[in-house]
Amino acid sequence: MAGNDRSKNITQGVNRSPNRSMYYAMGYQKEDFNKPMIGIANGHSTITPCNSGLQKLADAAIEATRAAGANPQVFGTPTISDGMSMGTEGMKYSLISREVIADCIETCVQGQWLDGCVVIGGCDKNMPGGMIAIARTNVPSIYVYGGTIKPGQWKGQTLTIVSAFEAVGQFTAGKMSEEDFDGVERNACPTTGSCGGMFTANTMSSSFEALGMSLMYSSTMANPDDEKTQSTAASARVLVEAVKKNLRPRDIITRKSIENAVAVIMATGGSTNAVLHYLAIAHAADVEWTIDDFERMRQKIPVICDLKPSGEYVATDLHKAGGVPQVMKILLNAGLMHGDCMTITGKTLAEELKDVPDLPPAGQDVIRTIDNALYKQGHLAILKGNLATEGCVAKISGLKNPVITGPARVFDDEPSAMEAIISDKIKPGDVVVLRYLGPKGGPGMPEMLSPTSALIGKGLGESVGLITDGRFSGATWGMVVGHVAPEAFVGGAIALVHEGDSVTIDAHQLLIQLNVPEEEIARRRAAWKAPQPRYTRGVLSKFAKLASTASKGAVTG
């Protein structure tokens, strides 16, 4: 029997219409028309290692769906590799792919009137894109993360994709030999799976466990391992049961469950991109949630996991130490999570965590207790001031002193900033201002991993600030502030900064300030003229016209 009222309608429609012939063409039998139709949104792609290991998971979901008495209907979703497109024009398509993925899934689920959906994804934007679609359609759904990559090794050093980006700065600074540069580059990504630190993909997948939309332990499994395939099959079985129970995403995605997700993001030292993506997910689920809610959560959630990019360990280490459920159990016992939130299994979060130990295993320091936290408060600070009246996001983990006042070094594009860093034109105490890279101005709000990694490689991570209306990779760390809103393209104050102006970043005071008299700022604003759009047709032009401000998630609808 189909899983909800709208699917009963389509089943009856299929049974009484010539459309039935098209199902017979795909091998349906008469009795199949009384079974739920389950979409398998398959993100498999050979574009990137993040997604090249997904087909075996889709196959497992298909088989498990059939065995559970439902009919799988498979369709594809696109992906853009952030790591491969970084520093190129292609990076402008990264955030846009979040919206394209959401639109693809929504189109297939709604157009084919599916009873439920298993969404399988790997690279960064696969996760929020899939969850936005899940929230929009409100059809019983589950998210299956493709799994993390295993860490690389070179001369005893544990590597991730960020190691290769930082090696560029080290090599050009004469701090790394050509042999080691080549060794890092060749060995940073040894298997299929998504980038291995607590970067954007692993941040979002971990938070989906806390949100209640993925199975426990699934977010930190490695893609090549058999347990990932087994977990995918289990996910499909759980989804079929959710269809039968009519357990829908908006029964699960609530203000309280988003608080749970953000608590895990803070506790694990997750990506700045999570701020943008949860604003978008909340919008799709019609849940009240603002950028200020992140700061409210940050002030009460400690960082208890020592994970890259600013820490020592990777996702596979977190998995061995007890995974996200262990982190959640510690937070739950401290009164920092809502145990009564429903999950996709039909159990509450507290019920799911009942058998998880109260303390992390001895002999490891990946996961810490509350009283031994790395930081007493979260690492994603929301700053405001005359440079960002709507707010911006600073990632302050790993910094000895997240405060700087210095002269602005202003760039209107990434290549010119990168050239200045590589050629040693950026000095300690400078504040790099990278603008016209927001949702509309980029367009697409590209990530700035290349310049931030080059600064780290040059040894300037603690002494140079970087401010942008673009985004940062989840692999970024340092004195960096992104998502500045309003953006330069719409006349935000970041467009009015002149070379040499004094700029302050002060995470202690949650302040980002252009230290110029208000009358001078007003004079500059009156003289400012909006630039012409960089693209006038195609998907980049569409996004630039439709995207909201970053402080509201850069959503398109």
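Reader: What makes you say the structure holds zero disulfides?

Author: Quick caveat up front: this is a predicted model. As for the count, the structure holds zero disulfides. Take Cys-104: the closest cysteine sulfur belongs to Cys-108 and sits 6.8 Å away, too far for a bond. A disulfide needs the two sulfur atoms within 2.5 Å, so this pair doesn't qualify.

Reader: Why is Cys-104 called partly exposed, and is Cys-392 buried or exposed?

Author: Cys-104 has 25% relative accessibility. Buried means under 20% and exposed means over 50%, so Cys-104 falls in between and counts as partly exposed. Cys-392, at 0%, counts as buried.

Reader: Which residues make up the nonpolar patch on the surface?

Author: Tyr-93, Val-100 and Val-539, with about 200 Å² of accessible area together. Val-539 belongs to helix α21, which spans residues 538-546.

Reader: How do you know that Val-539 is open enough to count in a patch?

Author: Its relative accessible area is 33%. Patch residues need over 30%, so Val-539 passes on that score. With that value Val-539 is partly exposed.

Reader: What makes helix α16 "mostly covered"?

Author: In α16, residues 323-333, 10 of the 11 residues are buried. Among them are Gly-323, Pro-325, Lys-329 and Leu-332. The cover for those buried residues includes α9 (200-211), α12 (255-267), α15 (315-320) and α17 (349-352).

Reader: What does the backbone do just after α16?

Author: Gly-335 takes a positive phi there, about 75 degrees.

Reader: How many aromatic pairs are there, and why is the pair of Tyr-23 and Phe-33 called edge-to-face?

Author: The structure holds seven aromatic pairs. For Tyr-23 and Phe-33, the ring centres are 6.0 Å apart and the planes make an angle of 85 degrees. Pairing asks for centres within 6.5 Å, and edge-to-face asks for planes over 60 degrees apart, so both conditions hold and the pair is edge-to-face.

Reader: Which parts does that pair tie together?

Author: Tyr-23 is in helix α2 (residues 20-24), while Phe-33 is in the loop between α2 and β1 (37-42), so the pair ties together parts 10 residues apart in sequence. There's a wider cluster as well: ring pairs link Tyr-23, Tyr-24, Tyr-28 and Phe-33.

Reader: Are Tyr-23 and Phe-33 buried or exposed?

Author: Tyr-23 has a relative accessible area of 8%, and Phe-33 has 1%. Buried means under 20%, so Tyr-23 is buried, and so is Phe-33.

Reader: Why is His-277 called buried, and what is its relative accessibility?

Author: His-277 comes in at 0%; the limit is under 20%, so His-277 counts as buried. Its place is in helix α13, residues 273-285. Setting aside neighbours within four places in sequence, His-277 is in contact with Leu-95, Arg-98, Lys-125, Pro-128, Thr-200 and Met-204.

Reader: What about Gly-197: where does it lie, and is it buried or exposed?

Author: Gly-197 sits in the loop between α8 (178-187) and α9. Its relative accessible area is 0%, and buried means under 20%, so Gly-197 is buried.

Reader: Which residues does Gly-197 touch, not counting those up to four places away in sequence?

Author: Thr-160, Asn-202, Lys-308 and Val-314. As for Leu-307, Gly-197 is 110 residues from it in sequence, yet their C-alpha atoms are 6.5 Å apart in space.

Methods: Residues are numbered from 1 along each chain as its sequence is written. This is a predicted model: local features need pLDDT of at least 70, side-chain atom pairs count only at pLDDT 80 or more; totals for chains, interfaces and linings use all residues. Side-chain values use heavy atoms; hydrogens and water are left out. Buried means under 20% relative accessible area, exposed over 50%, partly exposed in between (1.4 Å probe, protein chains only). Patches are made of residues with over 30% relative accessible area and no salt bridge: like charges are joined within 9 Å, nonpolar side chains (Val, Leu, Ile, Met, Phe, Trp, Tyr) within 5 Å. Accessible areas come from the Shrake-Rupley method with a 1.4 Å probe; for residues, only the protein chains shown count as cover. A salt bridge is a side-chain nitrogen of Lys or Arg within 4 Å of a carboxyl oxygen of Asp or Glu. Helices (H or I, at least four residues) and strands (E, at least two) are DSSP runs, numbered from the N terminus. Contact means heavy atoms within 4.5 Å. Rings of Phe, Tyr and Trp (its six-membered ring) pair if their centres lie within 6.5 Å; planes under 30 degrees apart count as stacked, over 60 as edge-to-face and the rest as tilted.
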